[in-house]
Amino acid sequence: MARGLILTTQARATTSSFTTRISLSKPKCKKLLTYRLHLPSRVSSTRFFCCKCSVSQDPIVITEYKQSFSQRMAMAGLKPHHRIAIGVSGGPDSMALCVLTAGWKTDGANAVGKSDDGFINGVLGIIVDHGLREESNEEAQIVSSRVTEMGIRCEIAKCSWLNGRPKQGHLLEEAREMRYEVFQNVCTKHQIEVLLIAHHADDQAELFILRLSRNSGVLGLAGMAFTSQMFSKSTHLYGEGSKNKGILIVRPLLDFSKEVMYKVCQESGQDWVEDPTNQSIVYARNRIRMSLRNLSSYTFQSEVQGVISACRRTRAYVDQICNNLINQAVTIVDHGYAIIDLEILNPSKVTDICLSKFVALILQYVSQRNKPIRGSTSKLLLHYIRTVPCKTSFTAAGCYLCPAPRSRGTKILVCCSVNCPQNSKIELICPRINGEQKQNFPTELEQIIADGKSYSNHFVPDASDVHFLDASESVISEAKTLNIICESTYTGHSFTEEG
């Protein structure tokens, strides 16, 4: 699915010449101890504390935010009558998302009503209790009460950890994976096919910096997708009888800053909770967040926004190329096997960046894994798919690739490798089924996806407006060459942690 174009604000790099510095390594124990001593005493006993909201003395025009939110929901193909779920943590981001979603559902000509019990029709808030602290259930109940007061029905879902806790050293990563698994299960139980997540522009900024520090390419630097699709781990069938329709994840706040989240809550009189661990310098993402707050230069922020915008345009272009190639050259047969027609694909005529993404999408679709394909594996796959006719087999990313029977190497069969560990979140692709494009009437989810794709296709740039396709050049260096950023931004700001 082609993604929406979303602007963000970011900084930092270890790539050439862009010298903004944020320490991503763990701080020394002495520094960490000093930081902890400065936390309020109440924080040590409970990770969450409540923030009481008072109505703004200088009222903002929240109507503008609601209108902007409605436009983004339309971009995703969503209408107020569609049944949706919201991931709710209780922080200002998810509370603002609840406020805006409730308004989108109940305001305007296409508004929906309320059920007999007073809840807005077709919306469910999902609160995940990770169960890692004694007070987590009480906190979830507080959040549930506040969301319920908005007219949004809520469900609290508790995580079930193997051995009682995540693996040590992988808390954030495993908590995130568990959270999405819970979202999937609750949505499936209630037959809901759309999930809203409260990621916003500042989250994109942090992700950009983190990925830039790890030398990510242009596709990674484009950040989170406006829409993506998540499939169940338990169902791995794609034939006619498959019921694994997946869940569409929509991030309608990616154009909004963190400041707007606070303003929406304030103007609406909504309280929220803050997690003091978000201030902990143990985690690289938190150190990035704190460093970004020190960047007051509007020029710096807006110019880096331009870099991200260019990355997103490039990714939209690559996605469009990949979608076309998939529809033309890929057939999905029963049980999710894929067949790539090399004669139609003509790999020698496809650029490396597009062909790499094309192969990654196919393998992710078949294996149901979202782990990116990087480095030597990506290079080996490129060499494999460019070799026509195909004469050998290859195993990568949970998939087994080999010449398709009776094709004389002109087609590649892609199937799951034995004991492939599956993940639940993959990008949406629309291949042919058993050699023919589906002709039946679309389901509601398929129609939503089609409407969103139709909208986004109007904004896909042509090749003349796409930059950074040459992966050999640093994105930041090329941005300076293209005058997207000026010398001062290219040189950057220098700041490190004290101590």
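**Exercise 1. Around Cys154**

Which residues does Cys154 touch, not counting residues up to four places away in sequence?

*Solution.* Keep in mind that we're working with a predicted model.

Step 1: find the residue. Cys154 sits in strand S4, which covers residues 153-158.

Step 2: list its contacts. Leaving out residues up to four places away in sequence, Cys154 touches Leu124, Gly125, Ile127, Ser144, Val147 and Thr148.

Step 3: check how covered it is. Buried means under 20% relative accessible area. Cys154 comes in at 18%, so it counts as buried.

Step 4: try a distance. Val143 is 11 residues away from Cys154 along the chain, and their C-alpha atoms are separated by 9.3 Å.

**Exercise 2. One face of a helix**

Work out where the buried residues of helix H15 point, and what covers them.

*Solution.* Step 1: get the helix straight. H15 runs over residues 444-457. Its 14 residues reach 20 Å from the first C-alpha to the last, close to the 20 Å expected at 1.5 Å a residue.

Step 2: pick out the buried residues. They are Leu445, Ile448, Ile449, Gly452 and Ser456.

Step 3: look down the axis. The buried residues of H15 fall within an arc of 95°, so they line one face of the helix.

Step 4: see what lies over them. The cover includes helix H3 (62-75), plus strands S5 (194-196), S6 (227-230) and S7 (247-250).

**Exercise 3. Two serines**

For Ser456 and Ser213, find the backbone oxygen that each side chain reaches.

*Solution.* Step 1: start with Ser456, in helix H15. Its relative accessibility is 9%, so Ser456 counts as buried. The side chain of Ser456 reaches the backbone oxygen of Lys453 at 3.0 Å.

Step 2: move on to Ser213, in helix H7 (residues 201-213). With a relative accessible area of 13%, Ser213 is buried. Its side chain reaches the backbone oxygen of Leu210, here at 2.5 Å.

**Exercise 4. Hunting for disulfides**

Count the disulfides, then explain why Cys322 isn't bonded to Cys354.

*Solution.* Step 1: the count is 0 disulfides.

Step 2: look at Cys322. The closest cysteine sulfur belongs to Cys354 and is 5.5 Å away, which is too far for a bond. The cut-off you need here is 2.5 Å between the sulfur atoms. Cys322 is also buried, at 0% relative accessibility.

Step 3: do another one. Cys402 isn't in a disulfide either: its nearest cysteine sulfur is that of Cys415, 6.1 Å away. Cys402 is buried too, with a relative accessible area of 12%.

**Exercise 5. Cores and the whole chain**

Describe the largest nonpolar core, then step back to the full chain.

*Solution.* Step 1: the largest nonpolar core has 59 residues, and Ile340, Phe358 and Val414 have the most contacts inside it. Apart from that core lies another, of 45 residues, including Tyr65, Phe69, Val112 and Ile152.

Step 2: zoom in on Val414. Among the residues it touches are Tyr337, Ala338, Ile362, Leu363 and Cys399.

Step 3: zoom out. The protein chain has 17 helices and 15 strands. Of its 499 residues, 52% count as buried.

Step 4: ask how far apart in sequence the partners are. Take the contacts with a separation of 6 or more: 76% of them join residues 24 or more positions apart.

How values were computed
Residues numbered from 1 in each chain as written. Predicted model: local features only at pLDDT ≥ 70, side-chain atom pairs only at ≥ 80, totals over all residues. Heavy atoms only, no water. Helix = DSSP H or I, 4+ residues; strand = E, 2+ residues; numbered from the N terminus. Buried < 20%, exposed > 50% of the residue type's maximum accessible area, 1.4 Å probe, protein only. Polar contact = N/O pair within 3.5 Å; in protein donor to acceptor, adjacent residues only side chain to side chain. Core = buried A, V, L, I, M, F, W, Y, C linked by side-chain atoms within 4.5 Å. Contact = heavy atoms within 4.5 Å. Expected span 1.5 Å × (residues − 1). Arc of directions from axis to C-beta.
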